[in-house]
Amino acid sequence: MMYGLKYPSIKLLLLCSIFYLVGCSGSSHENGENTMDIEVHGKINAQLTSPPYVPDPIGSRPAKNVIVDMEILEQEGQMANGVSYIYWTFGGSVPGSFIRTRLGDEVEFTLKNHPNNKLPHNIDLHAVTGPGGGASSSFVAPGHEITFSFKTLNPGLYVYHCATAPVGMHIANGMYGLILVEPAGGLPKVDKEYYIMQGDFYTKGNNGEPGLQPFDMQKAIDEDADYVVFNGSTDALTGDNAITAEVGETIRLYVGNGGPNLASSFHVIGEIFDRVHVEGGKLINHNVQTTLIPPGGAAIVEFKVEAPGTFVLVDHAIFRAFNKGALGMLKVTGNENESVYSGTIQEGIYQPEGGSIQTMPGDQGAPEAPTAQSVSERIKLGKSIYARTCLACHQEEGQGIPSAFPPLAKSDYLNADVDRAIDIVLHGKTGEITVNGQKYNSVMTAQTLTDEQVANVLTYIYNSWGNSGVEVTPMMVTKRKSAH
Ligand SMILES: [Cu+2]
């Protein structure tokens, strides 16, 4: 205080120069122009692509009204050989559809939540200047759609992701992607462009354990990933899925990291990045071996391929590459260039020890919905329905997730009224309820199960975790259905 009073002029000078700096390099200014004032000319539908592909370059087109139509799909996919997972996706892929815009575009964004989905979702685009990056205007329930708009004020490569509670879980299930904002005039031309995004996954079973693997909340909290992968699965970029180029071509990789937890030490074995747009921004670094990409961050990586062979993309935190799946391939064809590299290059030289999982014959493919002949059989069948349908929200031991999903273990609410529980599974539930003294006000969507399955899963729940032990029969379920 005293110091400040003694040297008021210095303080003022400092303040002024700070304002000056902000004014000159502030976020919404590009080449002295206020990007907010860029006018749009006409309207186009955005071309959306799934990884590893990107839409066509924007080139010299003026800023436009860009219509983006994005559909959220919750769907089962393959994490690794013999291992499947229920992914939550923007556009049906992990990462979600690539969105390509230019500076000054006015994006009209429609987010559609498919009616078969179980959960509400939204989107936070890091390219958006506004509350929650769009998240606060885009919350959408299954079977609904919502439209909001924004203007792109800063060029760069940005992550988008779902920001619905529990946020970590939505991201961990694959709800992230990239949006590119090209500067006026576009990025310099290259021969090949690809879209790659790293993500870490947390499954009930350890890496390689076959079958449908549910999300594991505790492992996610502990940051103990079972899989660390590019583009959603261990083989999204290997073998026949490798990205390709020819000797002499220039490559641009748009690389993002969805996380949720782990930073990526992105490296291409046998290549040096000629140029890296550090953190996806304007700063360009040259001659980079490994670039660090934090969760919720991105980088643009450019290099020329001078020699043929298979170049392996890895997270150089190397156990992740060889044991958890963070490995991709760039296959370059063309003539040997012995002045660059003389040696024998064999395809598959870097076949990972852990990349292809040794599978045990699993018990998948069992016929759907067999009929229970006894209470113990009903409980057994109900347990597998629970693992598939309810566990993601209500958790392994029915403990729920505080302030998001109520517990089913020792639930006074559940045990008080069997018919009400049947109704909830049949029709879903919204509005405030109190379970074991805690208030919940969220959405459980209706579950598409047969009467037999509803009976089995509820009987399993009632006979687990200290609950009342009643049996729910398919007859009781059928009765409740006709009561409506
Ligand atoms: Cu979501």
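**Group meeting talk: the copper site and two strand pairings**

Let me start with H121, which is buried, its relative accessible area being 0%, where buried means under 20% relative accessible area, exposed over 50%, and partly exposed in between, with a 1.4 Å probe and protein chains only. This is a predicted model, in which local features need pLDDT of at least 70 and side-chain atom pairs count only at pLDDT 80 or more, while totals for chains, interfaces and linings use all residues. Residues are numbered from 1 along each chain as its sequence is written, and side-chain values use heavy atoms, with hydrogens and water left out.

H121 sits in the loop between β7 (106–113) and β8; helices (H or I, at least four residues) and strands (E, at least two) are DSSP runs, numbered from the N terminus. Which protein atoms are the donors of the copper ion? They are ND1 of H121, SG of C162, ND1 of H170 and SD of M175, at 2.0 to 2.5 Å from the ion, and donors here are N, O and S atoms within 2.8 Å of the metal (3.2 Å for Na, K and Ca), with water not among the atoms, so sites may look incomplete. Along the sequence the spacing of these donor residues reads H-x40-C-x7-H-x4-M.

Why is the arrangement irregular? The 4 donor atoms subtend angles of 87 to 136° around the copper ion, and the arrangement is irregular because of this: four donors count as tetrahedral if all angles lie between 85 and 135 degrees, four count as square planar and six as octahedral if opposite donors are over 155 degrees apart and all others between 65 and 115, and anything else is irregular.

M175 is in the loop between α3 (167–172) and β11, and at 0% relative accessibility M175 is buried; H170 is buried as well. Leaving out residues up to four places away in sequence, M175 touches, among others, I72, W88, H121, C162 and H170, a contact being heavy atoms within 4.5 Å. With neighbours within four places likewise set aside, the contacts of H121 include I72, W88, C162, H170 and M175.

As for the record, the unreviewed UniProt entry places the feature "binding site" at H121, H126, H161, C162, H170, M175 and H316; such annotations may be inferred rather than shown by experiment, feature names are shortened, and positions follow the numbering used here.

Turning to the strands, β6-β11-β10-β8 is the order of an open sheet of 4 strands with mixed pairing, and its edge strands, each pairing on one side only, are β6 (99–102) and β8 (124–125). Two strands pair if DSSP finds at least two bridges between them. Strands β10 (156–161) and β11 (176–182) are antiparallel, with 6 bridges, and Y158 has I179 in β11 as its bridge partner.

Elsewhere, strand β15 (243–246) pairs with β23 (327–333) in the parallel sense over 4 bridges. In a regular strand the side chains alternate between the two faces of the sheet. In β15, I243 and A245 point to one face and are buried, whereas T244 and E246 point to the other and are not. A245 has a relative accessibility of 3%, its bridge partner in β23 is V332, and its C-alpha atom is 6.6 Å from that of T333, 88 residues away along the chain.

Finally, the whole chain has 11 helices and 25 strands, and buried residues make up 51% of its 484 residues.
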